[in-house]
Amino acid sequence: MSAEIIDGKKLAESIKNEIKTAITEREEKSLPLPGLATILVGNDPASRTYVASKIKTTADLGIRSFSYDLDENCPQEELENLILRLNEDPDVQGILVQLPLPGHLSEDEVLHTISPKKDVDGIHPFNAGLLSRKYSEPLFYPCTPSGVIRMIQSVCPDISGMNAAVIGRSSIVGMPTAMMLSRCNATPTICHSYTKHLDEICRESDIIVAAAGSPGLVQGDWVKPGAIVIDVGINHIPDKNGPRGYKLVGDVDFESAVKRAGAISPVPGGVGPMTIAMLMANTLKAIDYR
Ligand code: NAD
């Protein structure tokens with residue numbers, strides 16, 4: 001039996017269509033339109049591609065876009081001053097700083113500088129703190145984890161009581177995903193590079209979210225029959241025959257996992273498009289915090 005494929009691209013399209021409709025309605029009523037500022041520092045090719053894709057999507061949806069392209073050697077102060085200016089700019093509802101930043105910059109200090117009301121990535125410590133508290137709601141849920149949850153719920157709306165293995169504990173993906181799964185009444189196990197018997201933890205899980213950045217880490221025989229498998233990983237591996245000389249693969253060995261999973265997301269065409277759709281949803285939501 002082969003798993004249902006969770007088509008992130010299709011799901012993202014339907015979310016973007018809803019956002020576009022909401023923006024068109026605002027336009028018709030002459031209400032202010034949302035604006036997203038993107039800040040790119042340096043020349044990392046992957047970051048450049050991600051930012052370009054986000055800017056294109058804002059244009060497609062009618063979201064105003066303000067892009068800032070800073071030099072690789074940009075001083076911390078210059079970046080923080082730009083963010084402080086954008087915090088005060090009434091045309092900008094969302095501020096996105098593309099990570100990772102060049103090594104001389106403190107990501108933590110940069111993230112602290114963004115106003116939590118404009119933190120459309122949902123990773124400011126204020127919003128991360130609210131996410132971890134039982135009776136509070138963050139102003140924004142982080143984009144990739146939100147996409148992961150939407151994908152899981154597209155095949156299983158109620159995940160109460162399910163066991164979930166989350167592989168990776170980063171502040172932007174693994175940890176908030178585990179918290180959001182817990183908010184949906186699933187029981188997450190947070191796994192990382194020191195975790196022992198990762199394969200066994202996965203075999204006991206009804207849901208696997210792989211966010212390690214390790215190509216093909218999750219093997220088919222790690223997957224409990226019928227489990228939901230969400231592959232967050234984006235890895236560039238050499239591909240001599242491909243036009244670009246590399247190809248994108250996830251953290252899951254798709255060929256073997258698809259035979260055992262109940263539902264599985266592909267790479268590419270899975271979590272990536274959903275992350276952008278959730279960023280746009282957060283930017284629209286940011287209008288409420290003006
Ligand atoms: P990160 O490097 O910050 O964190 C990786 C985590 O995985 C760490 O907690 C580490 O302990 C754990 N890990 C690494 N190897 C492991 C192993 N062999 N076994 C168990 N745990 C292991 O990375 P990140 O920013 O969280 O991103 C993770 C992956 O997701 C990357 O491939 C990244 O490109 C991808 N990503 C995709 C999207 C998207 O939109 N699809 C968004 C963000 C990140």
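Here are a few notes on the ligand site and on the second largest pocket.

1. First, a caveat: this is a predicted model, and the contacts below should be read with that label attached.

2. The ligand has 21 residues around it, and those that come nearest are Arg 169, Ser 170, Ser 193, Ile 234 and Thr 275. By type, the shell splits into 10 nonpolar residues, 10 polar ones and one charged one. If you're looking at secondary structure, helix α10 (residues 271–286) gives the most to this shell, with three residues.

3. Now for the polar contacts. The side chain of Ser 170 puts an N or O atom 2.5 Å from an oxygen atom of the ligand. Backbone atoms take part too: an N or O atom of the Ile 234 backbone sits 3.0 Å from a ligand oxygen, and a polar backbone atom of His 192 is 3.4 Å from a ligand nitrogen. As for cover, the ligand on its own has 860 Å² of accessible area, and the protein covers 70% of that.

4. The second largest pocket holds about 270 Å³ of space. It is lined by 15 residues, with Leu 111, Ile 123, Ala 128, Ser 171 and Ile 172 closest to its centre. This lining divides into 11 nonpolar, two polar and two charged residues.

5. Where does the second largest pocket lie? Its lining draws residues from both domain 1 (28–115) and domain 2 (142–272), so the pocket lies between them. On the helix side, α4 (107–113), α5 (125–132) and α7 (174–183) each contribute at least two lining residues.

How values were computed: Residues are numbered from 1 along each chain as its sequence is written. This is a predicted model: local features need pLDDT of at least 70, side-chain atom pairs count only at pLDDT 80 or more; totals for chains, interfaces and linings use all residues. Side-chain values use heavy atoms; hydrogens and water are left out. A residue is near a molecule or strand if one of its heavy atoms lies within 4 Å of it. A polar contact is a pair of N or O atoms within 3.5 Å; within protein, one must be able to donate a hydrogen and the other to accept it, and residues adjacent in sequence count only if both atoms are side-chain atoms. Accessible areas come from the Shrake-Rupley method with a 1.4 Å probe; for residues, only the protein chains shown count as cover. Helices (H or I, at least four residues) and strands (E, at least two) are DSSP runs, numbered from the N terminus. Ala, Val, Leu, Ile, Met, Phe, Trp, Tyr, Cys and Pro count as nonpolar, Asp, Glu, Lys and Arg as charged, and the others, Gly among them, as polar. On a 1 Å grid over the protein atoms alone, a cavity is a set of points where a 1.4 Å probe fits but cannot get out, and a pocket is an open set with protein on both sides within 12 Å along at least five of seven lines; lining residues have an atom within 4 Å of a point. Grid points are joined across faces, edges and corners, and a volume is the space filled by probe spheres set on the points. Domain bounds come from an automatic or database domain assignment.
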